[in-house]
Amino acid sequence: MTDPSTHGSVGSDRFAQYGLIPTELQQAPIEHDFSADAARDDLHTRHLRGLQNLAVEASREHNPPGQTPTAPPWLAATPRYAALETALRAATRDAAADGVPAEKIQRAVDLGRTGVYWHQQPSDRTLGRLEQMNAALAAAEMDAAALRALLDQVPQFVLQAWSQKVAHDLSPTQSASTTAAQPSLASSITTDPTVEHSAANTPSTIGSAITDTMPDRSGIPTWTHETSPTPASTERGISSPGAEL
């Protein structure tokens, strides 16, 4: 008989022969309905997990870890050990009645007798992997549901924050303090001709806000307005105070 591990030359592509198959067929998603198989696999998994764990508990009850057995089972039996063995025999009959193959039942019991629980090493490798993937899928669905719930709360959260801000700005205390801080139009008008227009000397609140939001312009040369010198007059005319009319 040919060993498949030695077939072909070293370094050859073991999947090259599949290149004859159209890509859309080779990568097509599975269409078969596994609903009935999923129910059966779940039933078998529950039986095999229970059988393996019962066998572990019975073994530990009869031979506690770290202790050397000193008597045969029929002499060292405890009430709990007897109950575990009775439950294991009944579970074996129930599993067989539900269609679990006899070899799988025996493998679960034998592995359990060695002290290995199902969650540590399932006796059925395929069912163990399916259970693990189903648990990961359920956890991912819970995380996605929690994320959707958070996203649904975002609009309400924003509306609530905006409402609180508007209520604060329109509160009587805030309105009074804002009014007191703003000078009246009459108080901003002066009749002193030596004082220039206030807008030319005093920065406005809006201007300050715009300035504060502008990026840092340090190191960038700024443009300043310089008045050009007035050229000397070249016209002849009345230039001295004593000129006659």
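In this predicted model, the side chains of Asp124 and Lys104 form a salt bridge, with an N to O distance of 3.1 Å. The pair joins distant parts of the chain. Asp124 sits in the loop between α5 and α6, whereas Lys104 belongs to helix α5. The two are 20 residues apart. Asp124 has a relative accessible area of 6%, under the 20% limit, and therefore counts as buried. Lys104, at 25%, is partly exposed.

A second salt bridge connects Glu131 and Arg49, at 2.7 Å from N to O. This pair also links distant parts of the chain, with Glu131 in helix α6 and Arg49 in helix α2. The separation in sequence is 82 residues. Glu131 is partly exposed, at 26% relative accessible area. Arg49 is likewise partly exposed, at 29% relative accessibility.

Arg40 and Asp41 provide a further salt bridge between side chains, 3.3 Å from N to O. Arg40 is partly exposed at 42% relative accessibility. Asp41 is buried, with a relative accessible area of 18%. Both residues belong to a network of salt bridges that also includes Asp37. Across the whole structure, a search finds seven salt bridges.

Helix α5, which carries Lys104, spans residues 102-113. The helix has 12 residues. From its first C-alpha to its last, α5 reaches 17 Å, close to the 16 Å expected at 1.5 Å a residue. Its buried residues are listed as Ile105, Ala108, Val109, Leu111 and Gly112. Viewed down the axis of α5, these residues fall within an arc of 165°, so they line one face of the helix. An α-helix has 3.6 residues a turn, so residues three or four places apart point the same way. On the other side of α5, Ala102 and Glu103 are exposed. The cover over the buried residues of α5 includes α2 and α4. Just after α5, Gly115 adopts a positive phi of about 95°.

Ser59 of helix α2 makes contacts at the end of this segment. Beyond its neighbours within four places in sequence, Ser59 is in contact with Gly112 and Arg113. Gly112 is among the buried residues of α5. Ser59 is itself buried, with a relative accessible area of 18%.

Helix α4 covers residues 79-97 and contains 19 residues. Its reach from first C-alpha to last is 27 Å, close to the 27 Å expected at 1.5 Å a residue. The buried residues of α4 are Tyr81, Leu84, Glu85, Leu88, Ala91 and Ala95. They cover an arc of only 125° around the axis, which puts them on the same side of α4. Pro79, Arg93 and Ala97 are exposed on the other side of the helix. Gly99 follows α4 and has a positive phi, near 95°.

Gly99 is also one of the residues touched by His44. His44 is placed in helix α2, which runs over residues 35-62. Setting aside residues up to four places away in sequence, His44 touches Asp98, Gly99, Val100, Pro101 and Leu127. His44 counts as buried, at 8% relative accessibility. Among these contacts, Leu127 falls within the residue range of α6, 125-169.

Helix α6, the site of Glu131, also holds Leu150. At 53% relative accessibility, Leu150 lies over the 50% limit and so counts as exposed. Leu150 contributes to a nonpolar surface patch of about 470 Å². The other residues of the patch are Leu147, Leu151, Val154 and Val158.

Terms used: Residues numbered from 1 in each chain as written. Predicted model: local features only at pLDDT ≥ 70, side-chain atom pairs only at ≥ 80, totals over all residues. Heavy atoms only, no water. Helix = DSSP H or I, 4+ residues; strand = E, 2+ residues; numbered from the N terminus. Buried < 20%, exposed > 50% of the residue type's maximum accessible area, 1.4 Å probe, protein only. Contact = heavy atoms within 4.5 Å. Patch = residues over 30% accessible without salt bridge, like charges linked within 9 Å, V, L, I, M, F, W, Y side chains within 5 Å. Areas by Shrake-Rupley, 256 points an atom, 1.4 Å probe, with all protein chains shown as cover. Salt bridge = Lys/Arg side-chain N within 4 Å of Asp/Glu carboxyl O. Expected span 1.5 Å × (residues − 1). Arc of directions from axis to C-beta.
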